[in-house]
Each structure stands twice: as C-alpha cells, then as structure tokens.
Amino acid sequence: METNGDSRAKRKYPGSPPADRPTKHLRDDSFSADRDDIHLPGDEEQGFVALETRLLPPAVATHDSAEWQKTIEEVVRNVVSIRFCQTCSFDTESAITSEATGFIVDADRGYILTNRHVVCAGPFWGYCVFDNHEECDVYPVYRDPIHDFGILRFDPKAIKYMPVGALQLRPDLARVGAEIRVVGNDAGEKLSILSGVISRVDRNAPDYGDGYNDFNTNYIQAAASASGGSSGSPVVNIDGYAVALQAGGSVEAATDYFLPLDRPLRALECIRNGRLVTRGTIQTQWLTKPFDECRRVGLSPEWEAAVRKGFPKEIGMLVAEVVLPEGPAHGHIEEGDILIKVNGALVTKFVDLDEILDNSVGKKVKMLVERGGEAMDIELDVGDLHAITPDRFLTVCGASFHDLSYQSARLYAIPVRGVYVCEPAGSFRFDGMDKGWIIESLDNKKTPNLNEFIEVVKNIPDRSRVVATYRHLRDLHTMHTSILYIDRHWTTKMRMAIRNDVAGLWDFSDIADPKPPVPLAPSSAQFIRLDNVGYPAASDLVRSFVRISCVMPIKLDGFPRARKTGFGLVVDAGKGLVVVSRAVVPYDLCDISITVAESIVVEGKVLFLHPLQNYAVVQYDPTLVKAPVLSARLSSEHITQGASAMFLGFNQNLRVVVAKTSVTDITTVAVPANSSAPRYRAINVDAITVDTSLSGQCGSGVLADADGTVQALWLTYLGERTHSNKDVEYHLGLATPSLLPVIRQLQDGIIPKLRMLNVELHLVHMSQVRIMGVSEEWIRRVEQDNPERHQLFMVRKVECGHSQTLEEGDVILSINGKVMTRITELDVMYDHEYLDMVVVRNCEEMTLRVPTVPTDDLETDRAVIFCGAVLHRPHHAVRQQISTLHSEIYVSARTRGSPAYQYQLVPTNFIVGVNGVKTSDLDSFLHEVSKIPDNTYLRLRIITFDNIPFVITIKKNEHYFPTMEFIKEPSEPCGWRRQTYEGKFTHAGLESNIPAESMLAIHHPGNSRQMLTWTNYSDMDEIGGD
C-alpha cells in the first residue's frame, strides 16, 4: 500500500516539490515577479513560487446516458464558481488571488462546501457565481484546522432568478468501482464535467510539499484528470449525491484525490444546529500502512489475526509517523507504534479515530498500541485542535506575526509554540528565505509566544535599533542574530486582527501607540587603516565613505525593491553631505540610515535627487559623529581616456578593495529602458569604464589620483529587467566635475533648481550624420573641436507632457554657439531658461530657440493607495518612454490579494474615468471614488501603456484595503503626511498594513490570468522585492 506522506523526507529535502508531487487545484491569478523578496526570496520580488500546470488534457465526460444527463442537470444548479483572495500572508499561505469551486449543501442557510485552501486560513474576501451568472458575496463560516474542507455562506435571498437547491452529502456511497462525475470550475472554465471511476478509498492524504497539507485522513483516488480551478468541486454519483470533495491531483498521471465527506458532514450538522465544531488532537500524525509493513515494525500475529477477523476487508492499520514534542502523546507514543484500540474498540480507520477524539476534547482516552511486538496501554489527554490553530495575528513595524500553528509544527516535528513571522516585511524583513522564521528574542528579551512578543514590542521606542534572534523552520540548528531598525512612524499602528466567523471578517483593534524615539547621543569611532594595499591615499579615502541603507515603506516610480544598501561619498563632513547612487536612494519617501566607520549609525534625509545623472545627495547630523570623517577632494578636471587611476571600491561583501587601473572608455551612457515597468535611469551623461575586474564586483567606490583627489564616483546604475525577471545593474563611473555646481549650492544652503531639455540623446557617428544631411563644413568643425571623438548627438526621444521644440531624429550641431561633440556640453542647460541651438532636421539645417523645463515637479510628491493599487502622477521615466500622457493617474504597483489584483488593475495602466466621469488627476479621482459605498462595484476606464482603452469593474473593500494617501510635507517628521479616507472623511494615520514587499511593480502581459495549479506560495509581487 502506498503511504505517500514522508514528512521526514520533506524536512530533509526542503525546497521546491518534486515533479511527481500532487497539486491542489486552485486557479491562481498570481505570477512570479522575481522574488527578491519579492519577493524575492533571496529577492523580495519573487513574492511567490510559480505553480505547476497540468499537462494532460482533461477527460471530459461525453456520450453520457440519459440518466447521467438528468443527474448533471440537477447538480450544476447547485455548483458555484468562487473567485476569492486571501488578503495577506497567514500561517503556511501567502496572499493569493484565485478561482475555485464550491457547491451548496444547505439552501435555506446559504452554506457552500469547498476546500480549506479556498476558504483560507487567513483573511478572506470573495464572491461566488451561480450557473445562471448571478453573483453573490460569500463569507467564511468554518475552515477545518487539518482536513481540506471549509464552509462559506451566502445570502439565499440575493439569488432572484433561479431556485437555490442543495446537494446531499453521502460519504457512505464512495466505493471502489463507483462511476463518478466531477462538476466544477475546471481549468478556469465556469463549468466543466469530468468523468472517472473510484479506484481507491484508502490512500493516505497527498503530500503537497511545504505549506498546508491534509493529514490523519484517508483520501479517495480516481482517474478524472481535473485541473486548476476544480478545487472544491463536488464528486457526484449517478443518483446526484455528493460522495466526495475534489481536493488535488497528480501532475504526471490522470489521477485525482478526493476528500471523504464524513468529517465535512459532521461539521455541517454542528453548524446547522448552532453547536461548536469540536476537534480533538493528541498531536500525532498517523499513516495507513499495509499489514506487511506493519509486521516489519512489530505487529504481532495475534493482533493481526484479531484485526483481520474484526475487519475482513481491511488491508492495513494506523501507524504513528510524527509525535510532536510537548504534545499529549509525547513520552507515551513513539514513531512506529501501531494503533490497536481506542477506548476498548479496535480502530483501523481515520474516521473512527477522528470521531472519538472530536468527542473527547478536554477528556482522556485510553489507547492500546503495539511497539516492537509488545502491547502497551496508555492514557492520554485530548487537546483542542482549534486552540493550536491561529485565529489572530499582529501587525506592527510593517510585518505580521502569530503563534506557531499545528500545521507548521507537524511539518517539522517541533513543539507547537513560538512566534511565527507570517509576513516577514518592514523591520522584520530578514535576509535569505522569506517565510518560516520563528522569533526567539527581541531587544534581549525572550518571546516564547505572541502575548510576550506584544509586551516587548510595545516598549521599544520608534527608530530604535534592537537585537533580534530567530531561527528558520528548515534549519532549527542555526540561531540567527540581527540588528533591527524599529519603524513605528510609517506604520504607526500596532494592530491585532482576530477572526470573526459570525461576520465572516477579521476584526482589527489598535493595541498600543508608538513610543517616541529616543534622541541620539554623539558617538565616537575610528576608521580602519589600509596600510598594506600599496596606496597611501587609500587610508584617507576610506574616511570619506559611509554605508547607506534605504528602506522604502511603499514602492513608487516602478522601483523594484523595498530596501537597498550601498556606500556614499562624504563631500562635506562639516555639513554631513553625502553623494550616493540613485539605485540606492531612488526617491525620498524612505528611511535612510548612515553608518560611519562601520560603528556609528545616524539618521539621514534626502536633500537632492539629480533628475538625469544617477546620484542623490543625503545629509546627516555631523554633531552626532565623533569620528575623523574626511571630506573628499573632488577634481574639477575631467578624467581622460587612458588615464591611470586608483580604483577603491566596496565589493558584494561590503569590503574595501583597491587596485591600480586605467580608464578604458568614456562614452554616453545608454542604459536600456525597462519596458515592463518604467523606472529611473540615467540619461544624457558620460559613463566611465576601467580595466580592472574589481569594477564589476563593486557597486560603490571612486577613481582617484595618487594624492587621493577623487576624479570620478563609481556608482550602480539600475538597468532593465531580463526575461528571467532579474534586474540588471551596471557599475560605471561618473566624473566629478559634473557634481561640483550642485555640491557648492548645497554647501551654501541652497537646494538647486535645475532646468533641463526634455529629450534623450544618443551619439551618432560621422558616417551616419552625412546621410542625415549634416554638411561637410560642420563635419570639419566636429573634427577640429574633438580630435578624440568625431561624434554628434541625435534626439532619440522627446518626453511627453511639455511643448516640443526639438523633434525625434534632430541632429544637434551646436548649443549657444558651441559645437556639441561631448555630452557634458549639454550641462549648460541646467541653469539656462533658453538654449540657442543649431540642428539638422530632415536634411535641413535649422536655428532654434529651445526652452528648458524646470525639474521641480519631476519627483513623485503624492501617492494614493486605492483598493491595493499605488497611484501617482506618471513619474519621469514614464514621460521619457511614452508618447501620449493619457492622464495624471498612473498605476505604479499593486498588492497581492487585493481588489486591484483580483480585478486586473495592473501596473503601467492609466485611469481616465470613474463611472463615466472623466478623472484627469488624483483630486478628481478621489472625489469620485469617495462617493461610492464600500463593497460596491465601480467602473474604471483604463488606457494601457500601449494606448489600448478598456473598462474594468472593481469592488471596493475598505475593511482590508482602505484608501490612503501619502503627501510630501517637509514640515512633517518623516517629510510626508499620511491620511486615510473613510467615505468622504479623512484622518491621519495608516490604518492598513500593506508592506512594500507584497507590492508588485511589474506586470507580465498574458500571465495575470494564467491557469496554475496549487502549490505553496512564497511571499513577493508586483511592487517589488527586497
């Protein structure tokens, strides 16, 4: 007999399930963005694991008899398609948007039976669609702690155009050889009817790998070949009775697994009669094993004979597989024990064992087990299974927590205790794997359970740095220790969510307000010395570097990550000015931590973001730093090709490396645009490359001469996303003369007000410009002006949204009377309102007076979160790449499990109307959506990035996804003001925990509705990773 439930092998070999592992039949609308967190995994962007799809075609029932036809006609009226979301990560499951099936089991009360992995362990919202396409909201009533079934309810009075019936549950009719039909939402179709024949009724529960698994029950096996979306389908016989519940299947064979209906029937009767659905446990997992295996582990001939006599058709017995430490059976039952009797009765079936335990909660049971041929009588206390199944979670510091569940503890054979990080985000975003962390201590205080954890967190001031110790379920041997930055200012609320099965919602309550931050005191430290690198100036240069960590509470502007770390160069130690790459600090809605000498940590703030040249300037309070920080000397002369220099950089291990090098090339940077989600990229600036291999390993550093004068910054440039969903980063040099005008103004206390041409240029060679109409005279002037590079620049792209004097294809000959053969000669635009330019257009030479545009409004200064989607004005990268700006409402990202995800409001869309009313900006949009009641559909007119208009409907869900707004406000402590909308009213504060890690900023066309079969989901999305 097949056992198929080796949890030890699962613990030994973590990771992706093998190809032959069965799948749950959800139709998932999620997709993998990269999982940095994501979710990645290492990456946050990989938010979750791509699911396996069934490759075999479904066996559709055809040529049914008249009797079957009549039965099916009766059954389909009672089958519903369920579209649902789990709004956040909880227990073993991540936030998910999917489709499945259910069927009515009580028409008067409106009860629908489906799978547990559809009803969800965490917050659920969804609706069902009936056979006649009437739609009705559904709410959870019950989900079993172990077995894969749950019950939803709907309002029968809401169904007006068809009679509502119900299927009768008959678990006794599930027999080997019985012909059945699976009626449900197969492969995403609203209705599909698949035929099969029951081949087994005694297989162990299928093993789906890490995550939720059913156990301690037998499953029914048949060849029906159902696929994604069929979860929760009724398995009916020819008389129209539901004999089993569709739950999963094999991806390699046309085999499906059905849950017997004995326990769902009992639960349904309890709920109908207003009784609690009691569930007992001794925290032991059993497997059905055939008699030959039982004999090998110690079944005596006498007891085998007794069992075979009492149950002539039985071919096996129950054998203990996992006994949890500290559980009722610990010290009494051991792995390999064979169950003989319970309370004096022979027991060989799970249904009989469940019945006894469920009716004995809080009582004792007597068991007889056989161990190595020796019979042993034991007496055990029966625990409450609901008590070790979480029904609440805490959100604080951007992360979510609950007590460890029996599900997770059973999977790894550990005690059911500990604080489990179900949403590892915000302050508790740990490196490495995304889910599965157990917090051991915080701020040097033990946290054995959620209540103790709450008391510890309550007393930690905002912006504190505390020590946390934690373990991962897959590696409990290793204790991890990290320093965490406590964020109680972006997400100020510490909230408890408690499941309310009467309302079908989770109730939220505020627990504690944040304690104010403790003012930092000045600290002292010394920098390391580099005595053995052969470059005396290197030791001084090290004193000009600080480490910068940037954490973004929400994802804006298409940036793919929620946190980034790099090094910055101190250009004014007296004023605390630091230059850093915009791949590290992409925008100013963030927290910046600056580490000096790898010893002193202070807060920083963004002073300036350069619109084109890929650097930001941040500032810290120098009075808090008592260390010999040295202002870097910046060269005012441009470094030249072939020049020798010292390369000093920081590698991937954040270690200093030094090498002698030479400049191999200086050319206009050409970072490819990211087509799937426009985000900041450097344009119209020269990039320097060098001949040392260290340059590709270091994302931060400098090129300096022998006396330590910095000639170029070495920066990370964020590039495009590959087909494998990885973000490309380029490491290039930026000459220091470009920085000096900005740095000087900042040193004088002036925030630079730059102007620019709203165009992207790329270089063209003489062979090209001849054909484009440039005269021989101008070619001679180019050769004289720049003997090293015979080149001009052509307008590659003109940004939309401004008046356009220049046109795409124009070849620029001169600016303000100066031949333009170097991109640095374009820097004159930064402080001029107009430029006198000579261009060649369509082979004709033209003189133009070209206005520059201010850069004051380029950066995002306002963001709205609506139904889980992040909306703001189209940022600079969008204007660079698009030809027509459809509106000022751009979808930048969306959250998994949200209405935006469910109803396909995808990133890079523009919203141009609400319920037929034109909305051109965020104010008009908020005005219209504030009129719409909660839990009500609205129509959004959308135009895609590729200019395709269409209309979607989306239902508001203010309980889980309130409308929130972030508004830049320099007077605020964080630099931004937050407010939450409740109808037409607003109030301060962030009332929902939407971590940046769960946001996705990338949309993959064609994937958002792909059919996927169920597996465990690891966290990440569309708004990015890390």
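I call a residue buried under 20% relative accessible area, exposed over 50%, and partly exposed in between (1.4 Å probe, protein chains only). The model is predicted, so I note that local features need pLDDT of at least 70 and side-chain atom pairs count only at pLDDT 80 or more, while totals for chains, interfaces and linings use all residues. Residues are numbered from 1 along each chain as its sequence is written, and side-chain values use heavy atoms, with hydrogens and water left out.

**Asp665**

I looked up Asp665 and found it in strand S41, residues 656-668. Strands (E, at least two residues) and helices (H or I, at least four) are DSSP runs, numbered from the N terminus. Asp665 has a relative accessible area of 25%, so it is partly exposed. I then listed its contacts, meaning heavy atoms within 4.5 Å. Leaving aside neighbours within four places in sequence, Asp665 is in contact with Gln641, Ala687, Ile688, Thr689 and Arg789. For Gln641 I also noted the backbone: its C-alpha atom is separated from that of Asp665 by 5.6 Å, with the two residues 24 apart along the chain.

**Ser464**

Buried or exposed: which is Ser464? Ser464 is buried because its relative accessible area is 15%. I placed Ser464 in the loop between helix H9 (450-458) and strand S28 (465-472). Not counting residues up to four places away in sequence, Ser464 touches Leu484, Tyr485 and Ile486.

**Positive phi**

I checked two residues that are not glycine. Asp443 has a positive phi of about 55° and lies in the loop between strand S26 (437-442) and strand S27 (445-446). Its relative accessibility is 25%, so Asp443 counts as partly exposed. Asn947 has a positive phi of about 70° and sits in the loop between strand S59 (937-943) and strand S60 (949-955). Asn947 is partly exposed, at a relative accessible area of 39%.

**Hairpin S20-S21**

I count two strands as paired if DSSP finds at least two bridges between them. Strand S20 (residues 364-371) and strand S21 (residues 374-381) run antiparallel and are joined by eight bridges. Leu368 stands opposite Asp377 in S21. The two strands form a hairpin with two residues between them, and Gly372 in the turn has a positive phi of about 60°.

**Barrel**

I traced a closed barrel of six strands in the order S33-S34-S35-S38-S37-S36, with antiparallel pairing. The twist averages 40° from one strand to the next; axes are lines fitted to C-alpha atoms, and angles run from 0 to 180 degrees between N-to-C directions. Within the barrel I looked at S34 (residues 563-572) and S35 (residues 577-581), which pair in the antiparallel sense over three bridges. Val570 stands opposite Val578 in S35.

**Second largest pocket**

A pocket is an open set of points on a 1 Å grid over the protein atoms alone, with protein on both sides within 12 Å along at least five of seven lines; lining residues have an atom within 4 Å of a point. The second largest has a volume of about 1,000 Å³, the space filled by probe spheres set on the points. Of its 36 lining residues, the closest to its centre are Asp588, Lys605, Val606, Leu607 and Lys968. Strands S36 (591-596), S37 (600-609) and S38 (615-620) each supply at least two residues of the lining. Which strand gives the largest share of the lining? It is S37, with seven residues.

Note on methods:
On a 1 Å grid over the protein atoms alone, a cavity is a set of points where a 1.4 Å probe fits but cannot get out, and a pocket is an open set with protein on both sides within 12 Å along at least five of seven lines; lining residues have an atom within 4 Å of a point.
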